[in-house]
Structure formats: structure tokens, C-alpha cells
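Colleague: Could you give me a close look at one part of this model, the place where the ligand sits? I'd like the pocket and the contacts in one connected story.

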Amino acid sequence: MKLHSQNKYPLRTIFYSILIISLVVSGIYSLTEDPFKDKRERMVKFQIESRGVFHKPTLNAMRTIPRHLFVPKNRIDEAYDDGPVPIGYGQTISQPFIVAYMTEVIHPQKEQKVLEIGTGSGYQAAVLAEIVDSVFTIEIITELYKSSSEVLKKLGYKNVLVRNADGYYGWEQHAPFDGIVVTAAAEYIPPPLIKQLKDGGRMVIPIGSPFFVQSLMLVEKNGEKITTENLMPVRFVPFRRGN
Ligand code: SAH
């Protein structure tokens, strides 16, 4: 009778045990690891930092937010591309660089309240929500209002309030705002938005004809004085009226 068996190859046993354990650990790790993390890092580095946006809170927000959850399922592969992506109803989620630039240019701060006109996918609102205290965002298309509200809720953004209305009139009830971001091209700056901008506040808005290249404008309010600065040529979807 054999009382105990002796392992003839102890080193081999140790080697195979280590191999199996590491395969299991790396398998679990790859299941929990976000497969889009690398794409986000590259987006920030090659599309945003390389073009001169270095605002840390903005870059951090864009490194963290799962942008692929803000595009239609059949366009997930395009989510981190260097351009706008269609989100249905003739609308688009803005190019990552434009989102970063518009965020940086209003100088967002932790304790601030920001108004966005044109929620669209909800991505720009999420970027702002990572930085400021509260975000109020208005979307004119009911279906987009619903889908963006849902994704923002799913991701746990409790400091974003979405409303289905014509953003031309702003959101009087929560005014004044430290910053206003308009993501649809208007022919002129809607006067209610200027009114609802805080003294010392900054607004960024594309101005021009919907069918041509527009100008991204920075609007600053200092007392009664309104100054505008032409930042760069852009192409945005048209600012609609009605609802
Ligand atoms: N900020 C968005 C960009 C969406 S495109 C994002 O990150 O995805 C611009 C959006 O503005 C569209 O969804 C369009 O429906 C909306 N829009 C156009 N005119 C509007 C208006 N008057 N009020 C509110 N939203 C408007």
C-alpha cells in the first residue's frame, strides 16, 4: 500500500500553479477594466491637449466620462473619434475638442451654476457637472430631452437638471448664471441669455447662419458693459425656435 505519493516534479507543479493563478487574475482584471479607458486617454492627449486645452478639471472630466454611453449604440465605435457624431433627429454630439474648448473658455469653478442650451446627448452637461456645482440644461427636442435625462440619471449626475423647452428664453427661475454654454448656432445672441448672465459671467455661443461656418463668440458681462470676442470658426447645428 502506498502511504503517500511523492511529487516527482515540484518545480513544474509550482510553475503551472502560478500560470493558472495569473491567468485567472488577469481574466478577472480584463473583465472589470473599462475597455474605452485607453481611447479616452488618447482622445485627451491627441485631440485636446495637442490643440492647446490644458484646463485640468476639463481634461480629468473627459478622461473619466464614458462618452460612448452618450452616442447611439450603433455608433459606439465612433464615440472617441475626432469629430461630431450623429445622435438622431438631425443632431450631433459635439467634437471632443469643441466640448473641451467651450468648457475651458467659460472658466468654470467648483461653486458655480452653469446654464447649457442644447442638451443633445447630455455629454457637455456631464463634463460641466464634473466641474461646477450645478448644471441647468435645456433641450428643445423631446426625444433627446428624454434620452439625455436617462443617461445622466443612470450615470448618477444629481447636480444636472434637464428641461424640455426652447432655450431662447433661458431659465429665469435659476438665473443668474456664472456661465452659459450654447451648443446650437444662433443668428444673434438671445437677449434673455445676456440678461440671465451674472455680472462678471461668461457665455460661449456660436453665432452665424446655420448653413455656413459660424463664429464661436465669447460674451462677457461687466455691469452694463457687454463685450464680445470672436474665438474661432465653427460649425454647429441650427438654433431652433418654438416648442
Ligand atoms: N451639447 C450637446 C450638443 C447637441 S447639438 C451634446 O453634448 O451632445 C445641439 C442641440 O441643441 C440639439 O440637440 C438641438 O436639438 C438643441 N437645440 C437647438 N435649438 C434649441 C433651442 N432653442 N433650445 C434648446 N435646445 C435647442
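Modeller: Here is a walk through the ligand site, from the pocket to the contacts and the shell of residues.

Keep in mind that this is a predicted model. The ligand sits in the largest pocket, and about 510 Å³ of space lies in there. That pocket has 35 lining residues, and T92, G118, T183, A184 and V237 are the closest to its centre. If you'd rather think in elements, β2 (91-93), α4 (96-105), β3 (113-117), α5 (123-131) and β4 (134-139) each give two or more residues to the lining. The top contributor is β2, with three residues. By class, the lining of this largest pocket splits into 18 nonpolar, twelve polar and five charged residues.

Now for the ligand itself. It is surrounded by 26 residues, and the closest ones are S121, E139, D166, G167 and R240. G118, one of the residues closest to the pocket's centre, also turns up in a polar contact: one of its polar backbone atoms is 3.0 Å from a nitrogen atom of the ligand. Another ligand nitrogen contact involves I140, where a backbone N or O atom lies 3.2 Å away. On the oxygen side, look at Q124: a backbone N or O atom of that residue is 3.2 Å from an oxygen atom of the ligand. As for cover, the ligand has 570 Å² of accessible area on its own, and the protein covers 100% of that.

Going back to elements, β2, β3, α5 and β4 are the ones that give two or more residues to the shell around the ligand. Here too β2 gives the most, with three residues. The shell is made up of twelve nonpolar, ten polar and four charged residues.

For contrast, have a glance at the second largest pocket, which holds about 400 Å³ of space. It has 18 lining residues, with L69, F70, V71, S147 and V151 nearest its centre. The main contributor to that lining is helix α6 (residues 142-154), which gives seven residues. Its lining counts nine nonpolar, five polar and four charged residues.

So if you're setting up a view, you could start with the largest pocket, where the ligand sits, and show G118 with its 3.0 Å backbone contact to a ligand nitrogen. Then add Q124 for the contact to a ligand oxygen and I140 for the one to a ligand nitrogen.

Note on methods. Residues are numbered from 1 along each chain as its sequence is written. This is a predicted model: local features need pLDDT of at least 70, side-chain atom pairs count only at pLDDT 80 or more; totals for chains, interfaces and linings use all residues. Side-chain values use heavy atoms; hydrogens and water are left out. On a 1 Å grid over the protein atoms alone, a cavity is a set of points where a 1.4 Å probe fits but cannot get out, and a pocket is an open set with protein on both sides within 12 Å along at least five of seven lines; lining residues have an atom within 4 Å of a point. Grid points are joined across faces, edges and corners, and a volume is the space filled by probe spheres set on the points. Helices (H or I, at least four residues) and strands (E, at least two) are DSSP runs, numbered from the N terminus. Ala, Val, Leu, Ile, Met, Phe, Trp, Tyr, Cys and Pro count as nonpolar, Asp, Glu, Lys and Arg as charged, and the others, Gly among them, as polar. A residue is near a molecule or strand if one of its heavy atoms lies within 4 Å of it. A polar contact is a pair of N or O atoms within 3.5 Å; within protein, one must be able to donate a hydrogen and the other to accept it, and residues adjacent in sequence count only if both atoms are side-chain atoms. Accessible areas come from the Shrake-Rupley method with a 1.4 Å probe; for residues, only the protein chains shown count as cover. A molecule sits in a cavity or pocket if more than half of its atoms lie within 2 Å of its grid points.
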